[in-house]
Amino acid sequence: TEIENKYTVNLEMMRNAKQVLRNKELPTQYHIKGEVTEKRQKDVYFDTKSHVLASNGYALRCREIQDRFIFTLKKPGNVGKSEDETQFIRLEFEVESDSSQMTENIIKFLNQHNLLEELQVDKGVDGFDYKDLQQIVQIENKRMSCTVENEIVPDFVCEVSVDDVEYTRCDTKVENNTIVRASDYQVEIEL
């Protein structure tokens with residue numbers, strides 16, 4: 001189960017957050033455990049043209065880190081959002097693959113987690129087929145992250161990440177040699 005708070009911030013706030021992590025300037029009761037890391041990661045999200053997964057609370061991501069490809073299925077399960085709707089709470093399942101493409105092994109992985117059955121039976125989605133899944137968006141991320149502990153609450157541990165993100169749409173036709181892109185800055189706290 002994953003519980004995360006994700007905040008969109010402006011460029012100045014992102015720079016300030018990175019400076020806080022670099023200098024380990026956290027409020028008194030918090031401290032950074034280990035090192036602050038910086039890495040680039042590339043994610044590709046899969047869905048249908050009509051966004052069946054996203055509209056039903058699911059996500060299928062392939063994350064490329066160095067020469068590894070990790071597929072993650074995110075499911076709403078019975079948890080959804082927190083009462084105040086600031087935290088996303090969902091189930092995550094991962095499998096490593098030898099490519100970023102939808103292979104038979106990935107389809108087997110999705111079947112093991114009942115994706116097709118849940119969409120058709122629980123969500124009432126007709127005609128969904130794995131062959132309809134395609135790359136929808138590619139996300140390139142410069143991420144700074146660290147583990148934070150609380151000195152007062154001994155069991156409290158979270159991961160704090162500051163992201164400089166660029167989105168590229170994969171499901172739109174390129175016209176006049178233009179690519180649909182957007183940038184975003186985010187701070188994420190994952191419990």
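Student: What volume does the largest pocket have?
Tutor: In this predicted model, the largest pocket has a volume of about 870 Å³.

Student: And how many residues line the largest pocket, and which lie nearest its centre?
Tutor: Its lining is made up of 37 residues, and those lying nearest the centre of the largest pocket are Lys6, Tyr45, Arg61, Lys74 and Arg90.

Student: How does the lining of the largest pocket divide into nonpolar, polar and charged?
Tutor: For the largest pocket, the lining residues comprise 17 that are charged, 14 that are nonpolar and 6 that are polar.

Student: OK, what about the second largest pocket, what is its volume?
Tutor: The second largest pocket has a volume of about 290 Å³, and its lining consists of 14 residues, with Leu21, Leu26, Val160, Val187 and Ile189 lying nearest the centre.

Student: How do the residues of that second lining divide?
Tutor: In the second largest pocket, the lining has 14 nonpolar residues, with no polar and no charged ones.

Student: Which elements each supply at least two residues of the lining there?
Tutor: For the second largest pocket, α1 (11-23), β7 (157-169) and β8 (181-190) each supply at least two lining residues.

Student: Changing topic, where does asparagine 5 lie?
Tutor: Asparagine 5 is part of strand β1, which covers residues 2-9.

Student: Why does asparagine 5 count as buried?
Tutor: Asparagine 5 counts as buried because its relative accessibility is 13%, and the cut-off for buried is under 20%.

Student: And what does its side chain make a polar contact with?
Tutor: The side chain of asparagine 5 makes a polar contact, at 2.8 Å, with the side chain of tyrosine 7.

Key: Residues numbered from 1 in each chain as written. Predicted model: local features only at pLDDT ≥ 70, side-chain atom pairs only at ≥ 80, totals over all residues. Heavy atoms only, no water. 1 Å grid on protein atoms, 1.4 Å probe; cavity = no way out; pocket = protein on both sides within 12 Å on 5 of 7 lines; lining within 4 Å. Points joined across faces, edges and corners; volume = space filled by probe spheres on them. Nonpolar A, V, L, I, M, F, W, Y, C, P; charged D, E, K, R; others polar. Helix = DSSP H or I, 4+ residues; strand = E, 2+ residues; numbered from the N terminus. Buried < 20%, exposed > 50% of the residue type's maximum accessible area, 1.4 Å probe, protein only. Polar contact = N/O pair within 3.5 Å; in protein donor to acceptor, adjacent residues only side chain to side chain.
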